[in-house]
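Grab your viewer and work through these short exercises on strands and sheets. Each one comes with a worked solution.

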Amino acid sequence: MYRIADRRGNITELDSMQDRLLEWLYGHVAGRLLLRPLVSPAVSKMGGIVLSSGISRLLIRPFVHVCSIDLAGCEKRPYRSYNDFFQRKMLPGARPVETAPEAFVSPCDGKASVWKIGKDSVFRIKHTPYTVRQLLRNRKLADRYAGGYLWIFRLSVEDYHRYIYIDRGVESEHVRIPGVYHTVNPVANDVLPIYKENTREYCLLRTENFGTVLQMEVGALLVGKIENHRHGRVFRRGQEKGAFAFGGSTILLMTQKGCVAPDPDLLENSRRGIETVVRQGETVGNRNRSTGGTGANGYGK
């Protein structure tokens, strides 16, 4: 069982059949033995092939019913496969993006939590300690985010699985770290350090308003692909950055010390072990006044 809150402060406890199954798989020796083949890249790739086939269209209607998915804001067209539906696009205006320069926005729909990164780059999610160095496998880069914040946006299967750039800026090359595909459900994090074991990909976003933001996409159980579009080095706020294939998944952002102040409700909910439901493009923090605006060439340092 875990708790989520909306932006008005209403708290909901979730304990679905899926959660109980995952809790058994990750919490018992027999379950973890069954998990070993399921989290492998080969099985994830095979699942992706099946869910991209034409016959998989038969799964769309039951999925919408079971997950109570609201399709009102989605584009209306025939879908070639289940994955084609899973990566459906929203209609223009369905996910408005806050345009105020000082507003730090969510890159996606999901359940958000925010954690302070200590001087030694350590942070703790529930009972599991992590270091930024473990996530990035790059000590020099990790040290740049000491004293800043780690933002976790966890996507469930019912969420919209496309994501955007959070500001205008310039993008670095992408770095891919191969791994396995554990679920990102909170029950797994109680048992395993999922974010340093899962397949992930990151880049640096040299932004106009928030310094250099690190964005990392994390694959999860039965997610065969992290699909970043890579339009070119220059990007704009609200431009689509990419999409996930089927399954739960996560986007991590790292902001540098003194660059962004998270909204108080996200900080307080995270401290209490509660995730906050957010939508793509809505404000989740604000630029710190002490950053003094932009860096060289008009973009944050």
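**Exercise 1.** How many residues of strand β16 (residues 249-255) are buried?

Solution. Keep in mind that this is a predicted model. Take "buried" as under 20% relative accessible area. Seven of the seven residues of β16 pass that test, so the strand is largely enclosed by the rest of the structure. Now split the strand by direction. In a regular strand the side chains alternate between the two faces of the sheet. In β16, Ser249, Ile251, Leu253 and Thr255 point one way, while Thr250, Leu252 and Met254 point the other way. Both sets are buried.

**Exercise 2.** Find the strands that pair with β16 and give one residue pair for each.

Solution. Start with β7 (residues 149-155): seven bridges tie this strand to β16, in the antiparallel sense. Here Leu150 sits opposite Met254. Next comes β12 (residues 212-218), which runs antiparallel to β16 and is joined to it by five bridges. For this pairing, Val218 has Thr250 as its bridge partner.

**Exercise 3.** Work out the strand order of the open sheet that contains β19, and say which strands stand at its edges.

Solution. First, the order: the three strands run β3-β19-β17, with antiparallel pairing. Second, the edges: β3 (103-105) and β17 (260-262) each have a single partner strand, so one side of each lacks a neighbour in the sheet. Third, the twist: neighbouring strands are turned by 40 degrees against each other on average, direction ignored. Finally, zoom in on β3 and β19 (residues 283-287), an antiparallel pair joined by three bridges. Phe104 stands opposite Gly285 of β19.

Conventions:
Residues are numbered from 1 along each chain as its sequence is written. This is a predicted model: local features need pLDDT of at least 70, side-chain atom pairs count only at pLDDT 80 or more; totals for chains, interfaces and linings use all residues. Side-chain values use heavy atoms; hydrogens and water are left out. Two strands pair if DSSP finds at least two bridges between them. Helices (H or I, at least four residues) and strands (E, at least two) are DSSP runs, numbered from the N terminus. Axes are lines fitted to C-alpha atoms, for helices over the stretch in contact, and angles run from 0 to 180 degrees between N-to-C directions. Buried means under 20% relative accessible area, exposed over 50%, partly exposed in between (1.4 Å probe, protein chains only).
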